[in-house]
Amino acid sequence: MRSRTTLAALALTALAVAVPRADAGEFGPLPPANPYTAATGTATMHGDTANSDTTPYAGTGTGAVAYRRTALQSACPTVTAGGDGLVVALCTRIFGRNPVVHLLDPADGDRLASYDLPKGSLFGGVYAYLDHDDRLVTVDPDGNLLRIGHHRTAAGGWELRADATVPLGAAAAGGVVGLSPDWRGNVWFATPGGTVGVVTPAGSVHTLALPAGETIANSLSTVPGQTAVTTSHALYALTADADGVPAVQWRRAYDRGTARKPGQLSWGTGATPVYFGPGDGTDYLAITDNADGRENLVVRRRDGSEVCTVPVVDGTEDAVIATGRSVFVTSTYGYPYPALPDDAGASRPASASFAGGLARVDVDADGEGCHPVWSNGAKSAALPRLSVADGRVYTVTVTGPTDSAVGTDTFAAYHYAVLDSATGRTLSTRYLGIGLLYNPLQMTGTTTADGTFWQGTATGVVAVRRAS
């Protein structure tokens, strides 16, 4: 998808202990912990640098929950949390359209501090990560790589400030769509125009231009020894030499179809590539293509060889959830976004109703193919999150008139939903609210160590936690 009070929060982690479901052990292992990010599960928009959209923490479960909305006057696609328990969200202001970082109190969601960045594109600045020092790493619209830390003030409050800045210069011309650190401390970034870059710990910047005509609309994924990125035409595996100079390890084209589909933000895959697997958590790479008719889940091994291509949904803008041998794919076909990027182009067909749907596909035990496990009609308005601790899928679903952007903004009703990952059955729901205030815009939620589910919306953040 395009383009997260102090020590009291740590005490809450004791509440995260829950009895895992009997089938939770089928998932995992988790991706390797990146030494240059915060803890796996809360370090990036998708949880980790493999972009698995899993969490190691048990969620709220199916019991009674309470929720609280924090109004931030901004859309918040990236919600992270660091070792100190504080929640850091990267958002885009509704008025002004500039990126803004919000520091939130994990106990009640109250805003503790904010840090505004220069104005950028409508969907710019959504991918960022929290580093090993709990600093939010992002690129501002002026092309500066920033590490934004949160610090106590003399008066005992909080402030956000840029602790370190690296100008990317011409390498960031046209903006940066995503970034991720590797295991040597390099920061990889990608631009919409199809350039991949590497910033070394010493501040040197090296770039690699991918073939002309290929654009990038999603972030990169990093695991030990390899980085992956998707363009409008192909999936790439990349490496960097000892000096940080990037190179293509392999390229595999996918079926990009004949046009953008309704419910997508660009023509091509809507998916950031996801590493997963039953060995070390990096055995496979998964994306969805953009084939006309039914889109396919495409799974490849790390060497680029194909495991399977399986028809799965009509269309999606979301990355998949993947862990162990299991992949979950969310349909966004027909999902009505309030606005589209300037370069989105016409969709084919011009419009469609949002029907929803979530499907699970497993890689065969011998690793030589894949098979469908289940599909359902869940109308997920967010990219769900899978807990490997309790075997449940957590998301926000939508009911009501969703056939137009106006309907989604003003009349649609949103519910916090818990699904069984083994069967796809909805286990529980909790009504949240109606309209734009609760619209998650297909953004993904983050589960923190105390089991709280933090969901970014079009106007702020909603925190759902176990009822006391």
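Two strands count as paired if DSSP finds at least two bridges between them, and the strands themselves are DSSP runs of E with at least two residues, just as helices are runs of H or I with at least four, numbered from the N terminus. With that in hand, four strands form an open, antiparallel sheet in the order β23-β24-β25-β26. Its edges are β23 (321–323) and β26 (370–376), each of which pairs on one side only. On average, neighbouring strands here are turned by 15° against each other, direction ignored; the axes behind that angle are lines fitted to C-alpha atoms (for helices, over the stretch in contact), and angles run from 0 to 180 degrees between N-to-C directions. Strands of a sheet pair through backbone hydrogen bonds, either parallel or antiparallel.

A word on the source: this is a predicted model, in which local features need pLDDT of at least 70 and side-chain atom pairs count only at pLDDT 80 or more, while totals for chains, interfaces and linings use all residues. Residues are numbered from 1 along each chain as its sequence is written, and side-chain values use heavy atoms, with hydrogens and water left out.

As for the overall picture, the chain comes to two helices and 33 strands. The C-alpha trace spans about 50 × 50 × 45 Å along its principal axes. Of the 468 residues, 62% are buried, where buried means under 20% relative accessible area, exposed means over 50%, and partly exposed is in between (1.4 Å probe, protein chains only).

Back in the open sheet, β25 (residues 358–363) and β26 run antiparallel and are joined by six bridges. Within this pair, A359 sits opposite S375 of β26. Strand β24 covers residues 326–330 and contains S326. With a relative accessible area of 2%, S326 is buried. Its side chain makes a polar contact with the side chain of R360 at 3.1 Å; such a contact is a pair of N or O atoms within 3.5 Å, where, within protein, one must be able to donate a hydrogen and the other to accept it, and residues adjacent in sequence count only if both atoms are side-chain atoms. Setting aside residues up to four places away in sequence, S326 touches E26, F27, F276, I321, R360, V361 and D362 (contact means heavy atoms within 4.5 Å).

F276 turns up again in the largest nonpolar core, which has 32 residues; F276, L297, V299, V320 and C370 touch the most other members. A nonpolar core is a set of buried Ala, Val, Leu, Ile, Met, Phe, Trp, Tyr and Cys residues joined through side-chain atoms within 4.5 Å. Strand β22 (residues 306–313) supplies the largest share of this core, five residues. A second, separate core holds 19 residues, V65, V398, A412 and L432 among them. Beyond its neighbours within four places in sequence, V320 is in contact with several residues, including N51, V274, L297 and F328.

C370 also brings in the disulfides, of which the structure holds two, a disulfide being a pair of cysteine sulfur atoms within 2.5 Å. C370 bonds with C308, the sulfur atoms lying 2.0 Å apart. The S-S torsion of C308 and C370 is about -75°, so this disulfide is left-handed. The pair links distant parts of the chain, with C308 in strand β22, C370 in strand β26, and their positions 62 residues apart. Both C308 and C370 are buried.

The other disulfide joins C76 and C91, with sulfur atoms 2.1 Å apart. Here the torsion about the S-S bond is about 105°, so the disulfide is right-handed. C76 lies in strand β3 (residues 74–81) and C91 in strand β4 (residues 87–93), so the pair ties together parts 15 residues apart in sequence. C76 is buried at a relative accessible area of 0%, and C91 is buried at 1%. Counting bonded cysteines along the chain, the pattern is 1-2, 3-4.

Elsewhere, strand β12 (residues 187–190) points V187 and F189 one way and W188 and A190 the other, and all are buried. Four bridges join β12 to the antiparallel strand β11 (residues 178–181), and F189 is the bridge partner of L179. The hairpin of β11 and β12 has five residues between the strands, and G185 in this hairpin takes a positive phi near 90°. Four bridges also join β12 to β13 (residues 195–199), again antiparallel, with V187 opposite V199. The hairpin of β12 and β13 has four residues between the strands, and G194 in the turn has a positive phi of about 95°.
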